[in-house]
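Let's take a walk through a protein fold, one piece at a time. Keep the 3D view open and turn it as you read.

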Amino acid sequence: MPQILIAGGGIGGLAAALASARAGWEVRLYERAGSFGEVGAGVQLGPNVVRCLEAWGLGGPLRAVASFPDRLQVRGAPDGRVLGELDLGAFAGRYGAAYATVHRADLHALLLAAVRGLPAVRLHLDHALAQHTQDRSSVAVRLLRGDGAEVLVESDVLLGADGLRSRVRAALLAEAAVRPAGHLAYRAVAHQRLLPAALRSQQVTVWLGPRLHVVHYPLRGGELLNVVAICHGQPPQDLEHWDHAIHAAELQAVLAGTCAPLQELVRAVPEAGDGWRLWPLLDRAPLAGPREMAQGLVALLGDAAHPMRPYLAQGAGMAIEDAAELQRALAMDAVEVPLRLRRYALNRWQRDARVQRHARRNGSIFHATGPLRLARDAALRLLGERLLDMPWLYRGGPVPPPAASQP
Ligand SMILES: Cc1cc2nc3c(=O)[nH]c(=O)nc-3n(C[C@H](O)[C@H](O)[C@H](O)COP(=O)(O)OP(=O)(O)OC[C@H]3O[C@@H](n4cnc5c(N)ncnc54)[C@H](O)[C@@H]3O)c2cc1C
């Protein structure tokens, strides 16, 4: 059985492990952290992503932990006016899968449960990939264990799913490190039952203000409310520690000048949950070609390949789509392995780059000021649903094929 070594056990790495096993490959996954886990925040998953999870038999586990909001509402942050709406409840009929919102830890856990116990998958914690070299037939990988010991491993393929500051990518592409995008994300999760009734919500709401926006949506069948506020600003110097607890007062100052319901929500959230955390957003230019996703026997997936701004809510989604495409490519038994990876990259890079570009553009539109803001608001009021729906995104993307054999 051919072997794939995956560096990184985030949502992308676990999806890739599942996909590779279903393609008939033996998987060794190495995660740097001492335990598997995800930060306490939510992700939105479009029908393009839910379709992949369903094809992997994860529709049931997803339904058990996710929320399926039936409306997206866009409101002006300064005055609270409704600018536009999208009927998310129609998505299952329109796109063949629903629009879901899910706690990251729950999504991560359901992927982990799916790969744990597969005889073809071996999971290793506390192993950081340090280096790799490849020749025509294999990849040699050097890992460092938490106790400092060095581990040398060979594999037929190396997949870098090691996130924004990917070591695999750094060795593959001579380029600068990720840069601060100039935006900061404040995130919090609140128990809805602890919020005042007027602030509870079962829909996706996006509040647009000058140089900022706020998004909130339900998680865990509506038990929790995920709130993200994004504004312009520079991160602290120490980028390694990019997940900071912050005082609510900091965010309240950013949102001074927005309407009362939004300010009330920001004030109420810390007491109904674990408080606010700050994430400086980091960025790269969109992918420019397939060589940025695969060379020879080494490939990249998820944030390692295409970190993106969160304004289209598709970063984890594109990692899952990458994994679905990887499954198709790895399953092509009659084709040489480097060509399979090349096909994976060829089939993915343009869509990933389009999503990266679209997310950037959304950021400018969301945070618009002056005449652009007035034009945006007028267009949303006039065209609402037509502007907010994105058939190219929700209808597109790969669907993983059935498993090659029992993985
Ligand atoms: C504010 C915000 C909101 C977002 N909202 C959404 C959303 O609504 N929908 C959506 O789809 N996406 C969203 N995203 C994007 C999404 O979070 C990411 O795109 C996604 O988590 C990337 O997954 P990944 O597995 O590629 O990388 P990561 O989650 O970064 O995982 C990488 C893993 O690799 C490990 N690792 C790192 N280096 C090494 C090494 N050398 N060796 C071994 N292991 C290593 C890390 O410990 C980690 O476990 C959002 C992002 C932000 C910042």
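## A small sheet to start with

Seven bridges tie β8 to β9, and these two strands run antiparallel. Keep in mind that you're looking at a predicted model. β8 and β9 make a hairpin, with four residues between them. To find your way around this pairing, look for A128, which stands opposite L144 in β9.

L144 has a partner on the β10 side too: its bridge partner there is E150. Altogether, six bridges join β9 (residues 139-145) to β10, again running antiparallel.

Put those pairings together and you get an open sheet of three strands, in the order β8-β9-β10, with antiparallel pairing. Which strands stand at the edges? They are β8 (127-134) and β10 (150-155); each has a single partner strand, so one side of each is left without a neighbour in the sheet. From one strand to the next, the twist averages 25°.

A bit of background helps here: strands of a sheet pair through backbone hydrogen bonds, either parallel or antiparallel.

## The six-stranded sheet

Now turn to another open sheet, this one made of six strands in the order β7-β2-β1-β11-β19-β18, with mixed pairing. At its edges are β7 (121-124) and β18 (294-295), each pairing on one side only. Helix α1 (residues 11-22) packs on this sheet and touches β1 (3-7), β2 (26-30), β7 and β11. The direction of α1 makes about 165° with that of β2.

For a parallel pair, go to β11 (residues 157-160) and β19 (residues 298-300), which are joined by three bridges. One spot to click on is G160, whose bridge partner in β19 is L300.

## Helices side by side

Helix α9 is a good one to follow, with contacts to both α2 and α10. Here are the two pairs:

| Helix pair | Angle | Axis distance |
|---|---|---|
| α2 (residues 47-55) and α9 (residues 315-330) | about 45° | 9 Å apart |
| α9 and α10 (residues 337-366) | roughly 160° | within 9 Å |

How do α2 and α9 lie relative to each other? Their axes pack at an angle of about 45°, so the two helices are oblique to each other. α2 passes α9 in a left-handed crossing. Where they touch, N48, V49 and C52 in α2 meet G317, I320, E321 and A324 in α9. By class, that contact has four nonpolar, two polar and one charged residues.

The other pair is set up in its own way. The axes of α9 and α10 cross at roughly 160°, and therefore these helices are roughly antiparallel to each other. Here α9 passes α10 in a right-handed crossing. On the α9 side, the contact includes M318, D322 and E325, while the residues on the α10 side include R340, R343 and Y344. The residues of this contact divide into seven nonpolar, one polar and six charged.

## Zooming out

Finally, step back to the whole protein chain. Its secondary structure comes to twelve helices and 19 strands. Along its principal axes, the C-alpha trace spans about 60 × 45 × 40 Å. How does the radius of gyration fit with a compact globule? For 407 residues, such a globule would have a value near 22 Å, and the protein chain has 21 Å, which agrees.

Notes. Residues numbered from 1 in each chain as written. Predicted model: local features only at pLDDT ≥ 70, side-chain atom pairs only at ≥ 80, totals over all residues. Axes fitted to C-alpha atoms, helices over the stretch in contact; angles between N-to-C directions. Parallel < 35°, antiparallel > 145°, perpendicular 65-115°, else oblique. Left-handed = near helix turned anticlockwise from the far one by under 90°. Contact = placed C-beta atoms within 7 Å. Nonpolar A, V, L, I, M, F, W, Y, C, P; charged D, E, K, R; others polar. Pairing = 2+ DSSP bridges. Rg over C-alpha atoms; globule rule 2.2 N^0.38 Å.
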